[in-house]
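Hi,

Here is the structure I said I would pass on, with my notes below it. Have a look at it first, then read on.

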Amino acid sequence: MYALSSILVLFAFWLLLSGYFTVFLMTAGAASAIGVVLLARRMELVDHEGHPIRLSWRVFTYWPWLFKEIAKSAWDVSRIIINPRLPISPTLVRARTSQKSTVGVVTYANSITLTPGTISVEVRRGEILVHALTREGADSLLEGEMDRQVTRFEGLS
Amino acid sequence: MSVLIDIASWVCLVAGGIFCVIGTVGLLRMPDFYTRMHAASVTDTLGAGLMLIGLVLQAGPTLVAVKLLIIGLLIFFTSPTATHALAKAGLTRGVKPLLAEDRSQPSKR
C-alpha cells in the first residue's frame, strides 16, 4: 500500500521534473521509481512516517489556513521591524501539544516555526518550548487555535 | 488578459522583494540571536512565497510552473526545520535569549 503509492508519487515527480514523454525514457523513469522504493524498503523507510498518505487530502483544508496565518503574522512582524521604536518583547512559553502521532507533533512544531514571530526551540513530551517575538504573539499561540487545527489535520481523534 | 496576469505577477514580485528587504533590515536591527531569526523568517515565507507566485504567473501553465511550485514546497518544509535546528543548537550551546518575560519555569534551567 505505502510502497505502491510511493512508486506512483515518485514517478509523477520524475515525470514533472524531467518533462520527457517518450516511451523508453518513461519506462526508465518508472524503473528507477520502483528501484528507489525497493531500496527504501530494505532500509525500512516505507511506512506511515516516510510517506503519510493518511494526511494527504486534509492538506487542502489545513494548508490554506496555515498560509493565511503565515501571511497575517509576517505582516505583523514586518510592521514591528519597520517601526522605529522596534516594539519587541521576546517571550519564552511552553505550548501544549494534543497530537497523538510524531507526524502530528512535527507538523505542529514546523507550523509554529514557519509562522514568523514564533520559533519552536525544543520539543518535549507533550509540550513545545516556543520563543515568541512579542508577548501578544505568545498569547495568541497559547489560545491553542493552531494546536486544534493540527490535531484536526492529524485526524486520529 | 495577459496584461492583467502581467500586472498581478509584477505586483507579487515587487511585494516579495519589499518583504525580502524588510526581513534583511530586521535581521540587522534586532538585538539578539533568537529575535534575528524571527526577522529572517519573514524573508523565507512571505518574501520567497510572493516571488514564487509572481514567477509562476509569468511561467503560465507549463512544467516550469510545476518546478517553481516544487521549489516552494521545498522551502516550505526545509526552512522551519533549519530554523528549529539553529534555535535548538543555540539554546543547547548556552546562547541566552534576551527576554522580556520568561514563562518556561519548570524546565532544566
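Which residues of H3(A) meet which residues of H2(B)? Keep in mind that this is a predicted model. On the chain A side they are A:Ile70, A:Ala71, A:Ala74, A:Val77, A:Ser78 and A:Ile81. On the chain B side you will find B:His38, B:Ala39, B:Val42, B:Thr45 and B:Leu46. The axes of H3(A) and H2(B), the latter covering residues 33-59 of chain B, are 10 Å apart and the helices pack at an angle of about 135 degrees. That makes the pair oblique, and the crossing is left-handed.

Now the contact between the chains as a whole. Chain A puts in 32 residues and chain B puts in 32 residues. In chain A, each of H1, H3, S1, H4 (102-114), S2 and S3 supplies at least two residues to the side that touches chain B. H3(A) gives the largest share of that side, with seven residues.

A second helix pair in the contact is H4(A) with H3(B). Their axes come within 9 Å and cross at roughly 85 degrees, which means H4(A) is roughly perpendicular to H3(B). Here A:Ala109, A:Asn110, A:Thr113 and A:Leu114 from H4(A) meet B:Pro80, B:Thr81, B:Thr83 and B:His84 from H3(B).

On to the sheet, which takes strands from both chains. It is open, has four strands in the order S2(A)-S3(A)-S1(A)-S1(B), and its pairing is mixed. S2 of chain A and S1 (101-102) of chain B are the edge strands, each pairing on one side only. The link between the chains is S1(A) with S1(B): these strands run parallel and are joined by two bridges. A:Leu92 has B:Asp102 as its bridge partner in S1(B). H3 of chain B (residues 63-92) packs on the sheet and touches S2 and S3 of chain A, with its direction at about 65 degrees to that of S2(A).

Within chain A the pairing is antiparallel. S1(A) and S3(A) pair that way over six bridges, and A:Arg96 stands opposite A:Glu127 of S3(A). S2 (residues 118-124) and S3 (residues 127-132) of chain A also pair in the antiparallel sense over six bridges, with A:Ile119 opposite A:His131. The hairpin of S2(A) and S3(A) has two residues between the strands, and A:Gly126 takes a positive phi near 80 degrees there. S3(A) has six residues and five of them are buried, so this strand is largely enclosed by the rest of the structure.

Two other positive phi values in chain A are worth a look. A:Gly19, which follows H1(A), has a phi near 75 degrees. A:Leu86 has a phi near 50 degrees, positive in a residue other than glycine. Most residues other than glycine have a negative phi. A:Leu86 sits in the loop between H3 (59-82) and S1 (91-96) of chain A. Is A:Leu86 buried or exposed? Neither quite: A:Leu86 counts as partly exposed because 13 C-beta neighbours lie inside 10 Å.

A:Ser73, in H3 of chain A, is another matter. There are 24 other C-beta atoms within 10 Å of A:Ser73, so this residue is buried; the cut-off is 20 or more. Setting aside neighbours within four places in sequence, A:Ser73 is in contact with A:Thr115, A:Pro116 and A:Gly117. A:Leu39, by contrast, is 34 residues from A:Ser73 in sequence and 42 Å away in space, C-alpha to C-alpha.

Finally, the H1 helices. I checked their lengths at 1.5 Å a residue. H1 of chain A (residues 2-18) has 17 residues and should span 24 Å, which agrees with its end C-alpha atoms being 24 Å apart. H1 of chain B (residues 2-29) has 28 residues, for which 40 Å is expected, and its end C-alpha atoms are indeed 40 Å apart. The buried residues of H1(B) are B:Cys12, B:Gly16, B:Phe19, B:Ile22, B:Gly23 and B:Gly26. What do they pack against? Their partners are H3 of chain A together with H2 of chain B.

Cheers

Terms used:
Residues numbered from 1 in each chain as written. Chains lettered and ligands numbered in written order. Predicted model: local features only at pLDDT ≥ 70, side-chain atom pairs only at ≥ 80, totals over all residues. Buried ≥ 20, exposed ≤ 12 C-beta atoms within 10 Å, placed from the backbone. Pairing = 2+ DSSP bridges. Expected span 1.5 Å × (residues − 1). Axes fitted to C-alpha atoms, helices over the stretch in contact; angles between N-to-C directions. Parallel < 35°, antiparallel > 145°, perpendicular 65-115°, else oblique. Left-handed = near helix turned anticlockwise from the far one by under 90°. Contact = placed C-beta atoms within 7 Å.
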